[in-house]
Amino acid sequence: MNRILTIIASLLLSAFAYAQQLDSARLAPLDSLLDEYYEAMIYEAMPSKLQECDFLIESCPDSLVRQWVATRILQHYMEDPPLMGEEAVAVYVYDKWFASGRLKIADDWLAFSAQLFVDFNRASLLGMKAPALELLPPVGPEKVKVPRKGVPSVMYFYDASCSKCKATSIMLPHVLESVSFPLELVMIYTGQDGDEWAEFRAGFSCANPNVKIVHAWDPEIESDYQKQYGVLTTPKMFLVGSDGKIEGRRLEVESLAQLLGIYESVIEYNNQE
């Protein structure tokens, strides 16, 4: 544990020791100290973040305070983690402390939300092998398998009637026009209206010859793509490397552009060796 984390942890544990004499409503001011703790370890490697969370939870001598701390950590990494990939902390904390039965989430709605979050994020965390999907193409009964091995892919889940999807779909070709390496854009329509989908496909194009567009859908949701990639709302966008691992998740167009730039730099560096 580095010096800043040690100091903040000491302050937190002192506050927790005092807080065990208080009712739960008066624990709220400790959130600001927890926020400092999250910020101090934001650039720590994932194993260190998991260890730090365990350290705080295990160091709480009172069971109610321990429950409160674990719940607040879970909520933080569920609701709006500042860094891509930190959702893995929420999955870890849920599995170790709540699913195991060591602690219980007191609020029934939060318990349901946490279970849903973990179920719909577990399979598509950063660095994991991207779940393989078998989807239907626009024409023909033979399914397409995505992402394809050996080729980096952008997995884009969208609904043609979704306003944010429309904006994303307008910006996406501009981001992809500068890609200088082979890339597949897998556009997965999540709606049920075949005519709407056909109209969308007719109006979407990318002039870059390096980018291959693959249109697909799964109206019966036989692939379980919703759970595999956490598609509860749209749009959802992932970057999958040529090795099949997820290198970007829940991307906005801007963050996709940044990752593609990094990916291109890595390819150029490897080609120079």
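The following paragraphs describe the nonpolar cores, the sheet and the helices packed on it in a predicted model.

The largest nonpolar core comprises 34 residues, and those with the most contacts inside it are Ile57, Val69, Ile73, Leu74, Tyr77, Val93 and Phe98. At least two residues of this core come from each of the helices α2 (30-40), α3 (46-58), α4 (63-79), α5 (87-99) and α6 (108-119). When residues up to four places away in sequence are left aside, Ile57 is in contact with Arg66, Val69, Ala70, Ile73, Val93, Trp97 and Leu103. Another core, of 29 residues, lies apart from the largest one and includes Val154, Leu172, Leu183 and Val253.

Five strands form an open sheet of mixed pairing, in the order β5-β4-β3-β6-β7. Strands β5 (211-217) and β7 (246-248) occupy the edges; each has a single partner strand, so one side of each lacks a neighbour in the sheet. From one strand to the next, the twist averages 25°. The pairing of β4 (residues 183-189) with β5 is parallel and extends over seven bridges. Within this pair of strands, Met187 has His215 of β5 as its bridge partner.

Two helices are placed against these strands. Helix α7 (residues 163-176) packs on the sheet through contacts with β3 (153-158), β4, β5 and β6 (236-240), and its direction makes an angle of about 160° with that of β3. Helix α8 (residues 194-203) lies across β3, β4 and β5, and runs at about 170° to β5.

Technical notes. Residues numbered from 1 in each chain as written. Predicted model: local features only at pLDDT ≥ 70, side-chain atom pairs only at ≥ 80, totals over all residues. Heavy atoms only, no water. Core = buried A, V, L, I, M, F, W, Y, C linked by side-chain atoms within 4.5 Å. Buried < 20%, exposed > 50% of the residue type's maximum accessible area, 1.4 Å probe, protein only. Helix = DSSP H or I, 4+ residues; strand = E, 2+ residues; numbered from the N terminus. Contact = heavy atoms within 4.5 Å. Pairing = 2+ DSSP bridges. Axes fitted to C-alpha atoms, helices over the stretch in contact; angles between N-to-C directions.
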